[in-house]
Amino acid sequence: MLEVTGITRMFGGVTALKDVSFTIGQDSITGVIGPNGAGKTTLFNIITGIYSMTSGKVTLAGKDISGLPPECLARLGMVRTFQNIELFGTMSVLENVMVGLHTKGSSGLLACSLMMPWSIKEERRIRETAMKWLDFTGISELADDAAGSLSFGKGRLLEIARSLAVEPRIILMDEPAAGLNGQETLALAHLIGKIRGMGITVVLVEHDMELVMDVCDRIVVLNLGTKLAEGTPREIQENREVISAYLGDE
Amino acid sequence: MKREPFKFILFAVLVLVAPLIFKGSYLMNVLVFVGINTMLAVALNLLLGYAGQISLGHAGFFGMGAYFSGILTATYGWNPWLAMPLAALVVGILAGLIGFPILKLKGHYLAMATLGLGIIIYIVFNETVDLTGGPSGLSGIPNLTLGSIVFDSDIKNYYLVWTFTLAVTLFSVNLAGSRIGRALRAVHDSEVAARVMGVNARLLKVQVFALSAVISSLAGSLYAHTMTFVSPASFGFNFSVELLTMVVIGGLGSVYGSFLGAALLTLLPELLRGAQDYDIVIYGGLLMAMVMFMPGGLVRGIPNLLRKMARFREGAGNA
């Protein structure tokens, strides 16, 4: 599904990522872990077109997507969430999801301003579909609330609902459990399973080891900008290099 | 959502009956300016209030519309009804071409770039004397006509200008509540998240910049044909700042707020005329007070104030 080949990224003289490669299979849940500063978020930002890479290649379902901007990736079926939740704070919860349906509409500037019948119809359809996604993530009773007033946990759910509205083939989540309490994390794990059940490939960067070990099929470990290990949760837990990277050498 | 048509109808009725209440040629003339300034403020608000992109050069687009129309009709004898859309088209294309590189800039840098743009346009108006008449201006611009009606009196101009202003208002209200308006607000709130959702932020910003310039150009053409005289002084940096003030005082991201801002800033100097030399001090003081006590603009501040007053009265009644 997603193939990352030899990604290197330098920031001035600092090498943030060095020759990182891995492949993510269709309908899988993959966790990317590593100590702070390992390059996880940089890797995400490169794959999702927010940073450029110094060298390397990313392919999505066989198509070269290296260096494509995020708005193109959305149309190709790749979407992401952010560590610090990037909501449209001045808009309502429902409107946030409706922005997720932007690519599902086609009315342009003029058709919208002149209130063409087809654009009104399209708007109604977008509103209904957005409601469906709020139902899916269980926050439909908050539809008319301002997104900026949501708790962190609800905000996270909204961000996921909004991303799903894009109807992605793959979703990348940057620390989805950060800031969530135990119960919310449990619900998140369930939701991630449900998303995979819809045939969407999931990749997460995560510090919550319990969540990672619980939901992931495969794990990629980064350390100091290079790939340290890759394998099933069990293999990773027993990997000596991984253990020493996290706990230090004795 | 469903309240939008009602709001617009109320606004339109208000505009229609205003001449029955406010009489006199001088006042009508001021209200013509309120109409033109409302168009300009609404145009700038689409860019600043919705898309979150600043422009300190909008007086330039306003002036280009005015001069385009003025030169084509006064010098070359074109029909004003032809000159107006052509001016808008050319200004729109130009704004699109300029917008592509400069809308890459953000915040202060965009402010600087648009400031430069406005100044360049102003200098061109002044220096191309053969074309624009230079600092002494361009006169002899014909009035618009419709059949046998010549728009040469203040009351006629009032209805002419406000027809356009209402059309621009309706157009903008529709846009604001649509898929595109939503995408603009999304770009304003979090550009990166909007892009991840598939919104082409760059293209959208350029589109709304061009649209804003087109509306400003139309306002300029109307200005030229109602005043029949234009000079560069009306299109300088000061006026760009005044437009910005109208949008902020009225309320960012509210079409009707732009009307309130434009009306207040156009009427206030006239009302303060009695204060003679102190007018500018009072004017500045009022603006400061409004920004401090109504940071959301008049459109949010006035209802808040009314609510507070009602509560106060209730409290007094109970005591």
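# Notebook: sheets, domains and the A–B contact

I began with the sheet of four strands in chain A, an open one with the order S2-S1-S4-S5 and antiparallel pairing. I note that strand S2 (14-24) and strand S5 (63-64) of chain A stand at its edges with a single partner strand each, so one side of each has no neighbour in the sheet. The model I am reading is a predicted one.

Within this sheet I looked up the pairing of strand S1 (residues 2-11) of chain A with strand S4 (residues 55-60) of chain A: the two are antiparallel and joined over five bridges. For the register I recorded that A:Glu3 stands opposite A:Thr59 in S4(A). I then checked which helix lies against the sheet and found H1(A), which packs on it and touches S1, S2 and S4 of chain A. The direction of H1(A) makes about 115 degrees with that of S1(A).

**Second sheet of chain A**

I turned next to the open sheet of six strands, ordered S6-S7-S8-S3-S9-S10 (chain A), and noted that its pairing is mixed. Its edge strands are strand S6 (78-81) and strand S10 (226-231) of chain A, each of which pairs on one side only. For the twist I noted that neighbouring strands are turned by 15 degrees against each other on average, with direction ignored.

I examined one pair here in detail. Strand S7 (residues 170-174) and strand S8 (residues 201-205) of chain A run parallel and are joined by five bridges. In this pair I find A:Met173 opposite A:Leu204 in S8(A). Helix H1 (residues 40-47) of chain A packs on this sheet, where it touches strand S3 (29-33), S6, S7, S8 and strand S9 (218-223) of chain A. I recorded about 145 degrees between the direction of H1(A) and that of S7(A). H1(A) therefore packs on the sheet of six strands and on the sheet of four strands.

**Chain A as a whole**

I listed ten helices and ten strands for chain A. Its radius of gyration is 19 Å, close to the 18 Å that the globule rule gives for 250 residues, so I regard chain A as being as compact as a globular protein of that length. Along the principal axes, the C-alpha atoms of chain A fill a box of roughly 70 × 40 × 30 Å.

The domain assignment divides chain A into domain 1 (2-87 + 167-247) and domain 2 (89-149). I noted 29 Å between the centres of domain 1 and domain 2 of chain A, taken over C-alpha atoms. Their contact takes four residues from domain 1 of chain A and six residues from domain 2 of chain A. On the side of domain 1 that touches domain 2, I recorded three nonpolar residues, no polar ones and one charged.

**Contact of chain B with chain A**

I then looked up the contact between the chains, which takes 23 residues from chain B and 32 residues from chain A. On the chain B side, helix H7 (154-176), helix H8 (179-189), helix H9 (191-196) and helix H10 (201-227) each supply at least two residues. The largest share, seven residues, comes from H8(B). By class, I recorded twelve nonpolar, six polar and five charged residues on this side of chain B.

**Helix pair in chain B**

How are H7(B) and H10(B) oriented to each other? Their axes come within 11 Å and cross at roughly 175 degrees; I therefore class the two helices as roughly antiparallel to each other. B:Asn157, B:Val161, B:Phe164 and B:Val168 in H7(B) meet B:Ile215, B:Leu218, B:Leu222 and B:Thr226 in H10(B). I noted six nonpolar, two polar and no charged residues in this contact of H7(B) with H10(B).

Conventions
Residues numbered from 1 in each chain as written. Chains lettered and ligands numbered in written order. Predicted model: local features only at pLDDT ≥ 70, side-chain atom pairs only at ≥ 80, totals over all residues. Domains from an automatic or database assignment. Contact = placed C-beta atoms within 7 Å. Nonpolar A, V, L, I, M, F, W, Y, C, P; charged D, E, K, R; others polar. Pairing = 2+ DSSP bridges. Axes fitted to C-alpha atoms, helices over the stretch in contact; angles between N-to-C directions. Parallel < 35°, antiparallel > 145°, perpendicular 65-115°, else oblique. Rg over C-alpha atoms; globule rule 2.2 N^0.38 Å.
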